[in-house]
Amino acid sequence: MRLYRKEGNTIQILCFPNENVEKGDYLQVEDPKQNKALLIQVINVQFANVPGILEELLRDSTNNGDIIHGENLDPLDVASQITLIQDARLLICKIRGTVQNGKLSVSSAWLPSRSQSNIKKLSTTTLAKLLKINDKLPIYIGDTKEFSPLKIDAAALDGSLNIVTGKKETGKSHFSKLLVLSLIEHGAPVVVLDLNGEYANLGYASDGKKNQHYSKIHVLTPAGNFKVTLPQIGLRVMFNILIHALNLPGTSAREFRRTWRLLKKQGKLNLHELGEAIRNLQCNYHVKDALFSRYYALVNSGFFTDNPSEAMTLEDCFRKIQTGGALAVNLRDTSFVDRQIVVEYLLGKLVEMLTGWKLKAVFLFAEEAHLYLRETYWNDIVTRMRHFGVFTTFVTNQPDTIRENIYRQVDNIFLFNFTSERDLETVSRAAKVDSETVKSIARDLPPQYCLLLGRVVKDFPIVVKVRALDVQTMGQTRLFFN
Ligand SMILES: Nc1ncnc2c1ncn2[C@@H]1O[C@H](COP(=O)(O)OP(=O)(O)OP(=O)(O)O)[C@@H](O)[C@H]1O
Ligand SMILES: [Mg+2]
């Protein structure tokens, strides 16, 4: 390989056919005189456009026919040289940093010699070592191109906002299940908003037997084992539900608050009494009607109960996961409105527990969050709730459903394949590396391969083949013809 040219932070390298280099690989341009090496990453591979190559190729193809008779004389053996040149590649690379005395820095204010430098591949394993990305709490996420395990540090997810995104069926949910299981192994509490009910069986191995995670996975099914009483939910959260999930107008909401307080004072705060109280309300007909329709929405959700023995106290659940465990809230069979009710309650309670220091912090995994997260929660999650210790990972195959301002705060992006130009554009704007890198590498990622971006890899983009899990991942799409 030879150093060819540099433009901005792009370096072009000439590479000969016997050298096998692919997109995503890291190269080290060593300058023996300066005793340091420039670290660059290949983001595209092209043919080298040497003048006259078109003519040579054309001449070559016409020679293949039997038009010209006679012996092929090549006394100076130039043919092999010519094929070498025809197959020469041009590697488009981005400068990532400098390696000097076995230490890596992001500086790139120097240029190695074009005539003296020698260029070698740097394995991902060596890079990971240089970066020290798996220092304290390793999470084995998959294997590098050289088939050695790649581990990231769970601490890099701590306090972070993460996005897992990619095309359909590329392995996003699988990857987030891997993160969930690894986090709970390290003793972290995790809450999953499980839209498709696919996290429910993480406690079972693929052969159906209970696995080592079994006792740490708690599945909450709204209206099933997950029901609450009115006193548990509290006026503040109920108010949010009525206003945000059920769109109750302001005047009716005030009436509701009065009724609620009255019932509480009388010690009759339950669903049955609430219905009676609304029925007996002496107020505007429209207000009463509005309250009644919301009351029935609450009743029909099946999420509320008057029987305390049937109710689930979220405090107990959180206590169970405090030293490592996951609450998977199964939203699969829950309607759009009911999902919002449940999420409103859950997040409200979560913040309450965190502000009261009953819980230190929690990792929240949200699949396709735009289907249940209300407008104002998006900002809340990245600002206020993050300070209280809610560290969110959004999983989605539609990157444009996540707001621009969320992207600006993102610490890690786990990117799977995308082919759509628009999706790539959205993600590349958010990533902390140049958009060319993101677009070029993500476009050619095979399924189950992930491009790691951000804090977990110290901003050195790394491609990894995500490892398989011996759990029932339940991610398969149901098919008719099989
Ligand atoms: N690294 C992996 N090793 C083995 N199997 C995998 C891996 N990644 C994904 N799979 C399997 O591929 C299938 C699709 O994966 P997954 O459900 O994670 O995709 P997805 O990107 O979440 O898809 P969707 O957009 O439909 O939600 C699943 O059956 C899953 O078990
Ligand atoms: Mg999925």
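1. Domain bounds here come from an automatic or database domain assignment. For this predicted model, that assignment gives domain 1 (2-131), domain 2 (138-226 + 312-466) and domain 3 (231-301). Domain 2 is thus written as two segments, 138-226 and 312-466.

2. On the relation of domains 2 and 3: their centres, taken over C-alpha atoms, are separated by 34 Å. The contact between them involves ten residues of domain 2 and eleven residues of domain 3. On the domain 2 side, the touching residues divide into four nonpolar, three polar and three charged.

3. At the N-terminal end, strand β1 (residues 2-7) pairs with β2 in the antiparallel sense over five bridges. K6 is placed opposite I11 of β2. Two residues lie between the strands of this hairpin, and G8 takes a positive phi near 60°.

4. Strand β2 (residues 10-15) shows an alternating pattern of side chains. I11, I13 and C15 point to one face and are buried, whereas T10, Q12 and L14 point to the other and are not. The strand also pairs with β5 (residues 89-100), again in the antiparallel sense, over six bridges. Within that pairing, I13 stands opposite L91.

5. Is P112 buried or exposed? P112 sits in the loop between β6 (103-105) and β7 (118-122). This residue counts as buried because 23 other C-beta atoms lie within 10 Å, and the cut-off for that class is 20 or more. Leaving aside neighbours within four places in sequence, P112 is in contact with L3, V29, D31, Q34, L38 and S117. By comparison, F304 is 192 residues from P112 along the chain, and the two C-alpha atoms are 69 Å apart.

6. An open sheet of eleven strands runs in the order β9-β8-β18-β17-β16-β10-β15-β14-β11-β13-β12, with mixed pairing. The edges are held by β9 (149-153) and β12 (217-220); each has a single partner strand, so one side of each is left without a neighbour in the sheet. Ignoring direction, neighbouring strands are turned by 25° against each other on average.

7. Helix α9 (residues 314-321) packs on this sheet and touches β11 (189-194), β12 and β13 (325-330). The direction of α9 makes about 140° with that of β13.

8. Within the sheet, β17 (residues 449-454) and β18 (residues 462-466) pair in the antiparallel sense over four bridges. Y449 has K465 in β18 as its bridge partner.

9. D459 is found in the loop between these two strands, β17 and β18. D459 is classed as partly exposed because its count is 15 other C-beta atoms within 10 Å, while a buried residue needs 20 or more and an exposed one has 12 or fewer. Not counting residues up to four places away in sequence, D459 touches K432, V433 and G454. T144 is 315 residues from D459 in sequence, and the C-alpha to C-alpha distance is 17 Å.

10. The largest nonpolar core has 131 residues. Those with the most contacts inside this core are V180, V190, V192, L415 and C450. V190 touches V180, L183, I184, I321, A326, F363 and F365, with residues up to four places away in sequence not counted. As background, nonpolar side chains tend to be buried together in soluble globular proteins.

Technical notes
Residues numbered from 1 in each chain as written. Chains lettered and ligands numbered in written order. Predicted model: local features only at pLDDT ≥ 70, side-chain atom pairs only at ≥ 80, totals over all residues. Core = buried A, V, L, I, M, F, W, Y, C linked by C-beta atoms within 7 Å. Contact = placed C-beta atoms within 7 Å. Nonpolar A, V, L, I, M, F, W, Y, C, P; charged D, E, K, R; others polar. Pairing = 2+ DSSP bridges. Axes fitted to C-alpha atoms, helices over the stretch in contact; angles between N-to-C directions.
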